[in-house]
Amino acid sequence: MAERKTGPEPGDALSASKGRRIRVLVAKPGLDGHDRGAKVVARALRDAGMEVIYTGLRQTPEMIAEAALQEDVDVVGLSVLSGAHMALIPRVMELLKVNGQSHVKIFIGGIIPDEDLSRLKEMGVTGIYGPGASTDDIIRDVKHAVEG
Amino acid sequence: MTLSSSVLSGDRLALARLLTQVENDSAEGRAALAELFPHTGKAHLIGVTGAPGTGKSSLVNQLAMQFRKQEAHRVGIVAVDPSSPFTGGAVLGDRVRMRDLSGDPGVFIRSMATRGSLGGLAQATASMVQVFDAAGYDIVMIETVGAGQSEVDIAKLAHTTIVVEAPGLGDDIQAIKAGILEIADILVINKADRPGVENTEKALKSMLELAHPSQRVFKHHGMMMNVSTPRSKQSAKELWLPPIQRTISTEGSGIPELAEWVMKHLAHLRQSGDWAARDRARLEVELETLIREALVSRFRESVPQKLFDEIVERVLDRNLSPWEAVKMLIGPYPERAPAERRGGLR
């Protein structure tokens, strides 16, 4: 049977391997109240054709893991500006694992000192982006991480 | 263990995964839906609709908390937000207003994008609601996209439709227009601490007073019909008059009263026979949608792409009208041997 185009246009973020739209949770763990960066990233991922679930400010790792489970996301993006990333991020990753979601890819944005980068990478964080990072890079990396 | 049996046993990750399969209309999702269907039909489906910014998400948050306090209902929430018509992407932000529900194992919130659908819901919303129903969520709340005047699909899906208004959005002419206000089983004036709440209530009240109460059921061709019930003497008691409830979601005021109205409406549906009538109308709509899909896919299998393209060219050149084209394309179909068509219905 011949294929007729009925679905979304080519070039958008339908994950090729799974035939589904990429779903991303963007969350702000901890107590800092500045979510401009998280919103910029959420908007950029939206414009790249992804479905972005935004949770708002001041989320506990438990809330984030719960939302990731309910929404069955492929990717979790965490924005931390408070300096508490070495406490919050391992906890989120642990909870994802406990919930059976170790396949979910973790991306981090915010103020992350250089000396923490290698430890976060070792823990399995897929991408880390500081001030001035390009949204094109983030989009490319997210797509690559999900589609392999 | 299959996905559907895991869902029935209460596995939350399996539920989340199945919702994804159903949303993507995968073969696995369809198979699971078929297995789950006998377990559906129990949940009370509550639709929440209204213009953007009237406070639908906050109201759903408060109502869900209220239902959890009463009789320990298990509450599923499907929150719909629009997809971009250009990229297909979406930002789904309803969870931001529902943070009070986080950590409660009796609540499951799922955000979904409309993916091009225009009636205020996504195409897969009804199927996803069925999954929640089968999984034992006895209340399923469906929050539509911020709706304008005619996004009324929710009334075909829900047993109880709550239309949320806020002060200052329109005058009494808006209130007597056809469309979204007509579908309300319960009217809510949220943000009732704002100025103008008296005028909004007056406009809604006069709208209700101008109406002629009747039993309303959606028929399958998408039109709301006044159905003359077989019961000849329908007393005024049996007719449901939409109440108007003021709420302030941020403070939770008016919420216990609203929850009570929802329960009263449920009792009314059961008592009057409207529950069965709405169930029937909903399943008819669903069946018709599926038949339409099946017929279209059968048609696609029966017509070679080359012929289709040729006919499109002829229409483009104005040699053929679209109506004649349809006749040409659909005409030869019944002459095919039945064996060739087997298995077409999916």
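This dialogue reads the contact between chains A and B and the sheet that spans it, in a predicted model.

Student: How many residues does each chain give to the contact?

Tutor: Chain B gives 29 residues and chain A gives 32.

Student: Which elements of chain B give two or more residues to the side that touches chain A?

Tutor: They are α2 (12-23), β3 (90-92), β4 (107-113) and α10 (274-302) of chain B. The largest share, six residues, comes from α2(B).

Student: How do the residues on that side of chain B divide by character?

Tutor: Eleven are nonpolar, eleven are polar and seven are charged.

Student: How do I read strand pairing?

Tutor: Strands of a sheet pair through backbone hydrogen bonds, either parallel or antiparallel. Now take the case between the chains. Strand β4 of chain A (residues 51-54) and β3(B) run parallel, joined by three bridges. Glu51(A) stands opposite Ala90(B) in β3(B).

Student: What is the strand order of the open sheet?

Tutor: The order is β7(A)-β6(A)-β5(A)-β3(A)-β4(A)-β3(B), six strands with parallel pairing. The edge strands are β7 (127-129) of chain A and β3 of chain B, and each pairs on one side only. From one strand to the next, the twist averages 20°.

Student: Which strand pairs with β3(A) over four bridges?

Tutor: Strand β5 of chain A (residues 75-80) pairs with β3 of chain A (residues 23-27) in the parallel sense. Leu25(A) has Val76(A) in β5(A) as its bridge partner.

Student: Which helix of chain A packs on the sheet, touching β3, β4 and β5 of chain A?

Tutor: Helix α2 of chain A, residues 61-71, does. Its direction makes about 165° with that of β3(A).

How values were computed:
Residues are numbered from 1 along each chain as its sequence is written. Chains are lettered from A and ligands numbered from 1 in the order in which they are written. This is a predicted model: local features need pLDDT of at least 70, side-chain atom pairs count only at pLDDT 80 or more; totals for chains, interfaces and linings use all residues. Two residues are in contact if their C-beta atoms, placed from the backbone, lie within 7 Å. Ala, Val, Leu, Ile, Met, Phe, Trp, Tyr, Cys and Pro count as nonpolar, Asp, Glu, Lys and Arg as charged, and the others, Gly among them, as polar. Two strands pair if DSSP finds at least two bridges between them. Axes are lines fitted to C-alpha atoms, for helices over the stretch in contact, and angles run from 0 to 180 degrees between N-to-C directions.
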